[in-house]
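Q: I'd like to take a close look at one residue and then work outwards from there. Could you walk me through it in plain language?

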Amino acid sequence: MNLLPDLYAYAIQPFVEFGFMRRALVACLALAICCGPMGTLLVLRRMSLVGDAMAHALLPGAAIGFLLAGFSLGAMTLGSFAAAMLVALASGLVARFTPQREDASFAAFYLIALAAGVMIISLRGSSVDLMHVLFGAILAVDDAALYLIGSVASVVLLVLALIYRPLIVECFDPAFLRAVNGRGGFYHLLFLALLVATLVSGFQALGTLMGVGLMMLPAVAARFWARSVGALAGVAGVLAFVSGYAGLLLSYYANLPSGPSIVLVAGAFYLVSLLGGRHDSVLAVHLRHRAHKES
């Protein structure tokens with residue numbers, strides 16, 4: 001008889017009573033909308049670790065922006081975007097003019113960027129400042145940050161819709177795309193710019209380390225539930241939002257950091273999907289092998 005009131009009290013009431021919880025939930029929704037398709041495309045393009053590298057590459061720009069203007073949304077956003085794009089361009093140039101693969105150059109430059117960012121904050125900031133930059137503070141998201149996240153999510157989705165076909169073709173047959181119009185490099189660079197913009201939009205909420213988790217974990221979990229690209233992006237977006245919602249509740253009731261709580265919930269969804277998803281999970285492979293033996 002008391003199930004519905006109890007469900008309301010535990011699952012909804014925190015967002016009704018506290019404005020910071022509502023803002024955090026809206027930020028999770030906006031991030032999930034763009035992280036779903038971006039994470040899916042990263043997985044399809046075999047660039048999952050590149051996404052992680054780009055997230056770390058934000059740090060020196062964010063650190064310089066913090067030192068110049070404190071916790072200024074504009075300064076840290078511009079610094080983060082510039083630093084990550086510099087790493088992307090440098091990695092692309094190395095891969096273009098030397099035999100080294102792009103993923104290897106990304107790894108080298110992101111490690112340099114990560115070390116430089118931590119060093120800059122350590123020299124002029126404090127451990128609290130470093131934790132804020134690395135792990136974010138989604139419960140402290142204000143209206144300006146929400147406008148930024150929502151605007152970036154809208155632009156990312158619009159641009160993805162415009163370049164959807166060439167991106168998908170490049171995922172599966174880049175040689176064909178080069179033969180048809182020779183603009184594969186342009187779409188690749190534009191996709192990297194969208195990736196950086198998405199990571200920057202989530203930087204204020206989840207930090208440089210946690211932001212990529214909301215992008216990649218739902219995307220890799222979606223592979224166990226869907227097959228088509230559209231379905232993958234949809235499932236990834238839903239998992240990302242549910243992870244944000246459940247992670248906020250977990251942090252609220254257990255008094256835990258919000259960013260890591262959200263990513264841990266996304267990790268739990270991935271493990272459940274890995275074990276019991278519809279396609280290629282441990283359970284699905286076991287049932288397929290058993291049916292094959294019985295036939």
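Is Thr-198 buried or exposed, and what is its relative accessible area?

A: Before we start, a word on the ground rules: this is a predicted model, where local features need pLDDT of at least 70 and side-chain atom pairs count only at pLDDT 80 or more, while totals for chains, interfaces and linings use all residues. Residues are numbered from 1 along each chain as its sequence is written, and side-chain values use heavy atoms, with hydrogens and water left out.

Now to your residue. Thr-198 is buried, because its relative accessible area is 2% (buried means under 20%, exposed over 50%, and partly exposed in between, with a 1.4 Å probe and protein chains only). You'll find Thr-198 in helix H11, which covers residues 184-222. Helices here are DSSP runs of H or I with at least four residues, strands are runs of E with at least two, and both are numbered from the N terminus.

Who are its partners? Setting aside residues up to four places away in sequence, Thr-198 touches Cys-34, Cys-35, Met-38, Val-152, Val-156 and Met-215. A contact means heavy atoms within 4.5 Å.

Stay in H11 for a moment, since Leu-214 sits there too. Leu-214 has a relative accessibility of 1%, so it counts as buried. Apart from its neighbours within four places in sequence, Leu-214 is in contact with Leu-31, Cys-35, Leu-206, Ala-240, Ser-243 and Ile-262. Cys-35 is thus a contact of Leu-214 and also of Thr-198. From Leu-214 to Leu-199 you count 15 residues in sequence, and their C-alpha atoms are 10.0 Å apart in space.

Let's zoom out to the core. The largest nonpolar core holds 71 residues, and Met-54, Ile-138 and Leu-248 have the most contacts inside it. H11 gives the largest share of this core, 19 residues. A nonpolar core, by the way, is a set of buried Ala, Val, Leu, Ile, Met, Phe, Trp, Tyr and Cys residues joined through side-chain atoms within 4.5 Å.

Take Met-54 from that trio. Leaving out neighbours within four places in sequence, Met-54 contacts Ala-84, Ala-88, Phe-106, Leu-195, Val-196 and Leu-199. The other two, Ile-138 and Leu-248, turn up around Ala-24: not counting residues up to four places away, Ala-24 touches Ile-138, Leu-139 and Leu-248. Ala-24 is in helix H3 and is buried, with a relative accessible area of 0%. Ala-24 and Val-141 are 117 residues apart in sequence, yet their C-alpha atoms are 6.4 Å apart in space. That sort of pairing across the sequence fits a wider count: of the contacts with a separation of 6 or more, 73% are between residues 24 or more positions apart.

Met-54 also takes part in a helix pair. The axes of H4 (residues 48-69) and H5 (residues 73-97) come within 7 Å and cross at roughly 140°. Axes are lines fitted to C-alpha atoms, for helices over the stretch in contact, and angles run from 0 to 180 degrees between N-to-C directions. H4 and H5 are therefore oblique to each other (under 35 degrees is roughly parallel, over 145 roughly antiparallel, 65 to 115 roughly perpendicular, and the rest oblique). Among the residues making the contact are Met-54, Gly-61 and Gly-65 of H4 and Gly-79, Ala-84 and Ala-88 of H5.

Leu-248 has its own helix pair. H12 (residues 229-254) and H13 (residues 258-276) have axes that come within 7 Å and cross at roughly 130°, so these two are oblique as well. Where they meet, H12 brings residues including Ser-243, Gly-247 and Leu-248, and H13 brings residues including Ile-262, Val-265 and Phe-269. Remember Leu-214? Ser-243 and Ile-262 are among its contacts.

Finally, look at two loop residues. Arg-46, in the loop between H3 (19-44) and H4, has a positive phi near 55° and counts as exposed, at 74% relative accessibility. Asp-280, in the loop between H13 and H14 (282-294), has a positive phi near 65° and is partly exposed, with a relative accessible area of 39%. Most residues other than glycine have a negative phi.

And the whole picture? The protein has 14 helices and zero strands, and buried residues make up 46% of its 295 residues.
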